[in-house]
Amino acid sequence: MFSLCFCSVTVDPVLQTDLPKFTAPYASSHPIARFAMVCYDNESVGFFYNISKKNISDTWKPKDVVVVALGMFVCAFVIFANILVMLAIFINRRFHYPIYYLLGNLAAADLFAGISYLYLMFHTGPWTIKLSIYQWFVRQ
């Protein structure tokens, strides 16, 4: 598994110097660097949006509802149309040639893209705040 950590390098109060941006292993071995690592594994995505000062709504606005409803309609159409194409190739014996198998493969890839987009529609808008870090990465 992976974890999302914020690392900070502080300045030595005696020397009062600004340190360059070090990578984690080098910063801990640098003589004047004070290296502190804070991990926020159990936080929701809303916590990170607050840190970055990005505005994300926790209530549904009419625009959000329209975008999600339209996205779900497109997903349903894509999934249905690609299932029809794959069924037609599977059932009809005239379509049992290599070019139609390639077309069926394209329909299967498009079907999986539609399913992925449907998953994205169920995890967008105000639902984003409630996602864990792992759910957010899967959504991406």
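**Exercise 1. Is Ala88 buried, partly exposed or exposed, and what is its relative accessible area?**

*Solution.* A quick word before we start: the model you are looking at is predicted.

Step 1. Find the residue: Ala88 lies in helix α3.

Step 2. Take its relative accessible area, which is 35%.

Step 3. Compare with the cut-offs: buried means under 20% and exposed means over 50%, with partly exposed in between. Ala88 is therefore partly exposed, given its 35%.

Step 4. For a look at the surroundings, go 16 residues along the chain from Ala88 to Gly104; the C-alpha atoms of these two are separated by 9.2 Å.

**Exercise 2. Work out where Asn82 sits and which residues it touches.**

*Solution.* Step 1. Locate the residue: Asn82 belongs to helix α3, which covers residues 62-91.

Step 2. Judge its accessibility. The value for Asn82 is 8%, so this residue counts as buried.

Step 3. List the neighbours. Leaving aside residues up to four places away in sequence, Asn82 touches Ala107, Asp110 and Leu111.

Step 4. Now pick out the polar contact: the side chains of Asn82 and Asp110 make one at 3.0 Å. Asp110 thus appears both in the list of touching residues and as the polar partner of Asn82.

**Exercise 3. Find the aromatic pair of the structure and classify its geometry.**

*Solution.* Step 1. Count: the structure holds one aromatic pair. Its members are Phe95 and Tyr100.

Step 2. Recall what to look up: a pair of aromatic rings is described by the distance of the centres and the angle of the planes.

Step 3. Read off both values. From centre to centre the rings of Phe95 and Tyr100 are 4.8 Å apart, and their planes make an angle of 45 degrees.

Step 4. Classify. Planes under 30 degrees apart count as stacked and those over 60 as edge-to-face, with the rest tilted. The pair of Phe95 and Tyr100 is tilted.

Step 5. Check the accessibility of each partner. Phe95 counts as partly exposed because its relative accessibility is 24%. Tyr100, at 29%, is partly exposed.

**Exercise 4. Describe the chain as a whole, from its elements to its surface.**

*Solution.* Step 1. Elements: the chain has five helices and two strands. Starting at the N terminus, their order is β-α-β-α-α-α-α.

Step 2. Burial: 21% of the 140 residues count as buried.

Step 3. Contacts: of those between residues at least 6 apart in sequence, 63% join residues at least 24 apart.

Step 4. Surface: about 10,400 Å² is exposed by the chain, and 67% of this comes from carbon and sulfur atoms.

How values were computed: Residues are numbered from 1 along each chain as its sequence is written. This is a predicted model: local features need pLDDT of at least 70, side-chain atom pairs count only at pLDDT 80 or more; totals for chains, interfaces and linings use all residues. Side-chain values use heavy atoms; hydrogens and water are left out. Helices (H or I, at least four residues) and strands (E, at least two) are DSSP runs, numbered from the N terminus. Buried means under 20% relative accessible area, exposed over 50%, partly exposed in between (1.4 Å probe, protein chains only). A polar contact is a pair of N or O atoms within 3.5 Å; within protein, one must be able to donate a hydrogen and the other to accept it, and residues adjacent in sequence count only if both atoms are side-chain atoms. Contact means heavy atoms within 4.5 Å. Rings of Phe, Tyr and Trp (its six-membered ring) pair if their centres lie within 6.5 Å; planes under 30 degrees apart count as stacked, over 60 as edge-to-face and the rest as tilted. Accessible areas come from the Shrake-Rupley method with a 1.4 Å probe; for residues, only the protein chains shown count as cover.
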